[in-house]
Structures are given as C-alpha cells and as structure tokens.
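This report covers the salt bridges, the nonpolar core and the confidence of one protein model.

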Amino acid sequence: MKITKRQLRRIIKEERAKLLNEAGYRHPKTGEDMFLMLNDIVDKLLDMGMDTAELAGELRGLADDVDDSKYVNAQNSAYRN
C-alpha cells in the first residue's frame with residue numbers, strides 16, 4: 001500500500017501528539033522537544049525526495065528495534081535479580 005507524503009506526515013504528527021501527551025522528552029543540552037526534532041527530520045527527508053515507502057520502512061525498523069530492546073532489557077533485569 002502506498003501512502004502520500006501528506007498522509008505520512010499526518011500519521012507521524014498524530015503519533016507524536018499521542019506521545020507528547022504521555023511524556024515530555026527533551027534534548028539534554030538544548031531542552032528542545034525531541035519528538036519535534038524527529039518530526040523535523042522526517043519532513044526534511046521527505047523534502048529531499050526520500051520515497052515515502054522507504055522512509056516508512058526505516059521508521060518501522062526503528063520501532064522494531066525499540067520493541068526488541070524492551071525484550072532484551074526485561075531479560076537483563078530478570079538475570080540481575
């Protein structure tokens with residue numbers, strides 16, 4: 001399924017808004033909202049001509065890495081106890 005740049009941006013902004021409501025993550029040096037920074041990076045990649053399907057795949061890969069790290073962290077915690 002192909003999505004447009006506009007649809008991808010809307011999805012990212014909606015997800016970002018959900019995350020911002022749950023927690024406020026700030027850059028340790030600048031204090032800037034890190035989700036806004038991420039959103040700006042996505043916009044720049046799209047503006048540079050990155051294919052939306054490729055970008056969506058990369059973002060899914062990052063999300064999978066986060067999910068995998070939860071599993072590894074849970075195993076490490078169980079091992080330490």
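In this predicted model, Glu14 and Arg10 form a salt bridge whose closest N and O atoms are 3.2 Å apart. Both residues belong to helix α1, where they sit four residues apart, about one turn of the helix. Glu14 is partly exposed at 40% relative accessible area, and Arg10 is partly exposed at 45%.

The structure has three salt bridges, listed here.

| Acidic residue | Basic residue | Closest N to O distance |
|---|---|---|
| Glu14 | Arg10 | 3.2 Å |
| Asp43 | Arg9 | 3.0 Å |
| Asp47 | Arg9 | 2.6 Å |

Asp47 is in helix α2 and Arg9 in helix α1, so their bridge ties together parts 38 residues apart in sequence. The pair Asp43 and Arg9 likewise links α2 to α1, across 34 residues of sequence. Shared partners join Arg9, Asp43 and Asp47 into one network. Within this network, Asp43 is buried, with a relative accessible area of 18%; Arg9 is partly exposed at 22%; and Asp47 is exposed at 59%.

The largest nonpolar core consists of seven residues: Ile3, Leu8, Ile12, Val42, Leu46, Met50 and Leu55. Helices α1 and α2 each contribute at least two residues to this core. Apart from neighbours within four places in sequence, Val42 contacts Ile12, Leu55 and Leu59.

On confidence, the protein has an average pLDDT of 82, and 79% of the residues score at least 70. Among the elements, helix α2 (residues 34–47) has the highest mean pLDDT, 91, and helix α1 (residues 5–22) the lowest, 79. Where pLDDT is low, predicted coordinates should not be read in detail.

Conventions. Residues are numbered from 1 along each chain as its sequence is written. This is a predicted model: local features need pLDDT of at least 70, side-chain atom pairs count only at pLDDT 80 or more; totals for chains, interfaces and linings use all residues. Side-chain values use heavy atoms; hydrogens and water are left out. pLDDT is the predictor's confidence in each residue, from 0 to 100. A nonpolar core is a set of buried Ala, Val, Leu, Ile, Met, Phe, Trp, Tyr and Cys residues joined through side-chain atoms within 4.5 Å. Buried means under 20% relative accessible area, exposed over 50%, partly exposed in between (1.4 Å probe, protein chains only). Contact means heavy atoms within 4.5 Å. A salt bridge is a side-chain nitrogen of Lys or Arg within 4 Å of a carboxyl oxygen of Asp or Glu.
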